[in-house]
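Biologist: I'd like to learn how to read a model like this one. Could you walk me through it?

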Amino acid sequence: MSDSSAPRPAPVEELVAYLDGELGADESRHIERLLADDPRVRVELKRLDQTWELLDGLPRAAVEPNFTRSTVEMIAVNVADEIEHERVREPWHRRRAWWFGSGCVLAAALAGVFAGDKIASYPNERLLDELTVLEHLEAYRQTPRLEFLREAQAEKLFALGQPVAGKSFATETPAARRERTERMDPRDKEQVVRKQRAFADLSQAEQARLRRLDLELRQAPDAQELARVLDAFQTWLNQLTAAERAHLLHLPDPGQRLKAISQKRAEEAARLGPEDAQEFERWGEELFKRRLKPGERQRLDGLSAEERFERLQTRLRQAAAQGQPEWRKLPLPREWDRLRERLSDKAKAQMDRAVSERAKRQLLRIWIQDGFHLRPASRAAATNGVELSDEQLREQFRQLPDIDQNRLLGRPPEEMFRALRMRYEKALGVRR
Amino acid sequence: MGTGLSVSESSAQNNALSDPDVRLMLQVRDGSAAAFEELVLRYQGRLVTVLEHLVGKRGQAEDLAQDVFLRVYRARERYAPDAKFSTWLFTIANNVAANALRSRSRRHEVQVVADSDGSGPQGANPLDQMAQAASGQMPTRQLDKAELRDVVRLAINTLNERQRMAVLLSKFEEMSYADIAQAMDMSPQAIKSLLSRARENLRAVLEPYLDRGERPAGVEP
């Protein structure tokens, strides 16, 4: 420990703020000058940083799977109790209003979130009646009217599956539907039951709208085609996180929603292949390193390649979260050209199409998200050094219920891989 | 927003609306139970982590986390999106934890350093990463993982309640000073000073251990 009686070479408060990236440009430059000139400041900074980094080792809590259930149930009971308490204090003629008030309905909805295993029979008539709505629940919710699907098709937003004669849900007979439902895989059954609960959570007006839409689709002259668009739309929506779907759903205008979907599809199309992604990472690492403050760069050089990469990722995320302007700047033209030289013809063509500053920034953003963050090495680091094959990960992912898949997709990639690995190990009975 | 936050500029609102969790909370306000469940799923681990390091007991941390979610749910109708959802959530968590710690001190309960018998999350997770990082910094000495974990826990427990909360929000939630200030109802300048003092205190406990292997009082060899 340093001698506390010795004069401080620089205010600790400023050094801490510098390490936290909380200083303005002028203040940062001042600290960097001090760092360059005074070895005591460098030592001070290093010691502060070292002890702070030890806290990274404090583990995060992993809550038991039933914690969510007990939390939601506790809240449902609590809210219901409050409602009952208020109700008995109210004059009788107002009580009816309490029971039909939103609080009670919400308490019931909360209690119902986990009540799925209490469904009396499967498939029941109501489920059969609503099956196609349930199977395409997200897509129907995002579809204000049939014309929306036609416009999506006109813009070729989704790759449609091959038409199979007599196999479309739009023309399925009730008997065929029952048979299909009975033959469903248990996981699919569970998913349908879960969606039935979600459907029941919707307002009566929205439920009626979705049923109407389903009926209109079946009666439309282009029913087969629309059903394929809806299938493709639903498949695509399944890949999004709940938050992404909520974002789309919140766009009030169908035109805006189509535009947002189109933009997202374009981002997906712009993703780099593995070799390009690797080149892009190398380029990115060099570029970001040049933009680091001297102290940070020095510390980075002392780390292993994997640690360096992890650190850069963290730095990148923090900078993005804090909106630090120096990290949002576009690379200089020569750096842009340097990147272009490294990439395949396909990626080069994408770069050439991005003419405006905005388009360039957008392309880099996509590549940073999809390439830089998802490289195999980061998976290895996320899984404590043990690499799982893509197929193993995919299989692990496929085995999860829909709700868990969405939950995982909502996490940062490294967390997602870590969670998948833990499940993988658990399935294998590996002890840690 | 139900917690006394006063940021109301339209730019702040626009920023908040770009937060997917804010949009989920707006769905909760509009009556979606599924959106509430999603928020619980997203934040339960993060919340329990911060609360456990604050109060030192896993069971109590889980109870407090449930209390926080209950308050979130009760406040749903008054919810206004004028900050990031996480900032709002941790504002509530800060109040809940402060109340709990106050009641505990009224009961003259002794602050218990988090369990070291493996019953808490600390025991459940290996510390490979930390040991690796730490041994990289100290090539001459191989750190004992469990011991290091205890020393770091002890260092955290030497901080006062406010310092600990600020440190946890900064380290675990990677919050900016402005967000921490909002969550703790303080000014960003006060948070800057608070975090600086906290880091000096941490260094005072951790440096002798890093340099010479001197264990702080309370950590068995």
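Modeller: Sure, we'll take confidence, then the fold of one chain, then a single residue. This is a predicted model, where local features need pLDDT of at least 70 and side-chain atom pairs count only at pLDDT 80 or more, while totals for chains, interfaces and linings use all residues. Residues are numbered from 1 along each chain as its sequence is written, with chains lettered from A and ligands numbered from 1 in the order in which they are written.

Biologist: What average pLDDT does chain A have?

Modeller: pLDDT is the predictor's confidence in each residue, from 0 to 100. Chain A averages 72, and 64% of its residues score at least 70. Among the elements of chain A, helix H9 (residues 146-154) has the highest mean, 92, and helix H5 (residues 92-99) the lowest, 38. Where pLDDT is low, the predicted coordinates should not be read in detail.

Biologist: How many helices and strands does chain B have?

Modeller: Helices (H or I, at least four residues) and strands (E, at least two) are DSSP runs, numbered from the N terminus. Chain B has 11 helices and zero strands.

Biologist: Is B:Val55 buried or exposed?

Modeller: Buried takes 20 or more other C-beta atoms within 10 Å of a residue's own, exposed 12 or fewer, partly exposed in between, with C-beta atoms placed from the backbone. B:Val55, in helix H3 (residues 33-55) of chain B, is buried because 22 other C-beta atoms lie within 10 Å. For chain B, 48% of the 221 residues count as buried.

Biologist: How far apart are B:Val55 and B:Glu161?

Modeller: In sequence, 106 residues; in space, 9.1 Å, C-alpha to C-alpha.
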